[in-house]
Amino acid sequence: MDAVLYDLRGLKCPLPVIRTRKKLTAMPSGAMILVDTTDPLAVIDIPHFCNEDGHELVSTEKTERGHRFLIRKG
């Protein structure tokens with residue numbers, strides 16, 4: 001299944017989580033989203049958000065300027 005790329009680079013906490021939550025709300029269950037962030041706190045916030053909201057954090061990858069998260073909507 002193809003993942004939707006969601007570029008949230010440059011946004012500071014809590015915006016990456018707020019925007020990701022809003023985007024996932026509009027997506028069907030099981031959909032995949034690839035979130036790019038530069039906020040250093042995202043490595044804590046995104047996994048916590050996935051756990052709290054029942055989404056699967058498929059992978060976390062360090063990028064040149066931040067992190068990339070692959071999330072499957074629960």
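The following exchange concerns a predicted model and the reasons behind the terms applied to it.

Reader: What makes the R21 and D53 pair a salt bridge?

Author: The closest N and O atoms of R21 and D53 are 2.9 Å apart. A salt bridge requires a side-chain nitrogen of Lys or Arg within 4 Å of a carboxyl oxygen of Asp or Glu. The pair therefore meets the rule, since 2.9 Å lies within 4 Å.

Reader: Which parts of the chain does this pair tie together?

Author: R21 lies in helix α1 and D53 in helix α2, so the pair ties together parts that are 32 residues apart in sequence.

Reader: Why are R21 and D53 called partly exposed?

Author: R21 has a relative accessibility of 36%, and D53 has a relative accessible area of 33%. Buried means under 20% and exposed means over 50%, with partly exposed in between. Both values fall between these limits, so R21 and D53 are partly exposed.

Reader: How many salt bridges are there by this rule?

Author: The count comes to four salt bridges. Among them is the one between D7 and R9, whose closest N and O atoms are 2.6 Å apart. Another is formed by the side chains of R72 and E56, at 2.5 Å from N to O.

Reader: How do you know that R72 and E56 belong to distant parts of the chain?

Author: R72 is in strand β4 and E56 in strand β3, and the two are 16 residues apart. In addition, R72 is the bridge partner of E56 in β4. R72 has a relative accessible area of 31%, and E56 has one of 39%. Partly exposed covers the range between 20% and 50%, so the term applies to R72 and to E56.

Reader: What term of exposure fits D7 and R9?

Author: D7 has a relative accessible area of 42%, and R9 has one of 45%. Neither value is over 50% or under 20%, so D7 and R9 are partly exposed.

Reader: Why is S29 called exposed?

Author: The relative accessible area of S29 is 57%. The term exposed needs a value over 50%, so S29 qualifies. S29 is found in the loop between α1 and β2. Apart from neighbours within four places in sequence, S29 is in contact with K73 and G74. The C-alpha atoms of S29 and L15 are separated by 22 Å, although these residues are 14 apart along the chain.

Reader: What makes β3 and β4 a pair of strands?

Author: Strand β3, residues 56-62, and β4 share six bridges in the antiparallel sense. Pairing needs at least two bridges, so six bridges satisfy the rule. E61 stands opposite R68 in β4. β3 and β4 form a hairpin, with four residues between them.

Reader: How do you know that β2 and β4 also pair?

Author: β2 and β4 are joined over six bridges, again in the antiparallel sense. At least two bridges are needed, so β2 and β4 pair as well. The bridge partner of I33 in β4 is I71.

Reader: Which residues have the most contacts inside the largest nonpolar core?

Author: They are L24, I33, V35, I46, F69 and I71, in a core of 15 residues. β1 (3-8), α1 (15-25), β2 (32-37), α2 (42-53) and β4 (67-72) each supply at least two residues of this core. α2 gives the most, with four residues. In soluble globular proteins, nonpolar side chains tend to be buried together.

Reader: What does I71 touch?

Author: Residues up to four places away in sequence are not counted; I71 touches T20, L24, A31, M32, I33, V35, I46, C50, H55, E56 and L57.

Reader: Why can V43 belong to a nonpolar patch on the surface?

Author: V43, in helix α2, has a relative accessible area of 34%. A patch residue needs over 30%, so V43 passes this cut-off. L41, V43 and I44 form the patch, with about 250 Å² of accessible area together.

Reader: Where is the cis peptide bond?

Author: The cis bond joins C13 and P14, and omega is about 5 degrees. P14 has its place in the loop between β1 and α1.

Methods: Residues are numbered from 1 along each chain as its sequence is written. This is a predicted model: local features need pLDDT of at least 70, side-chain atom pairs count only at pLDDT 80 or more; totals for chains, interfaces and linings use all residues. Side-chain values use heavy atoms; hydrogens and water are left out. A nonpolar core is a set of buried Ala, Val, Leu, Ile, Met, Phe, Trp, Tyr and Cys residues joined through side-chain atoms within 4.5 Å. Buried means under 20% relative accessible area, exposed over 50%, partly exposed in between (1.4 Å probe, protein chains only). Contact means heavy atoms within 4.5 Å. Patches are made of residues with over 30% relative accessible area and no salt bridge: like charges are joined within 9 Å, nonpolar side chains (Val, Leu, Ile, Met, Phe, Trp, Tyr) within 5 Å. Accessible areas come from the Shrake-Rupley method with a 1.4 Å probe; for residues, only the protein chains shown count as cover.
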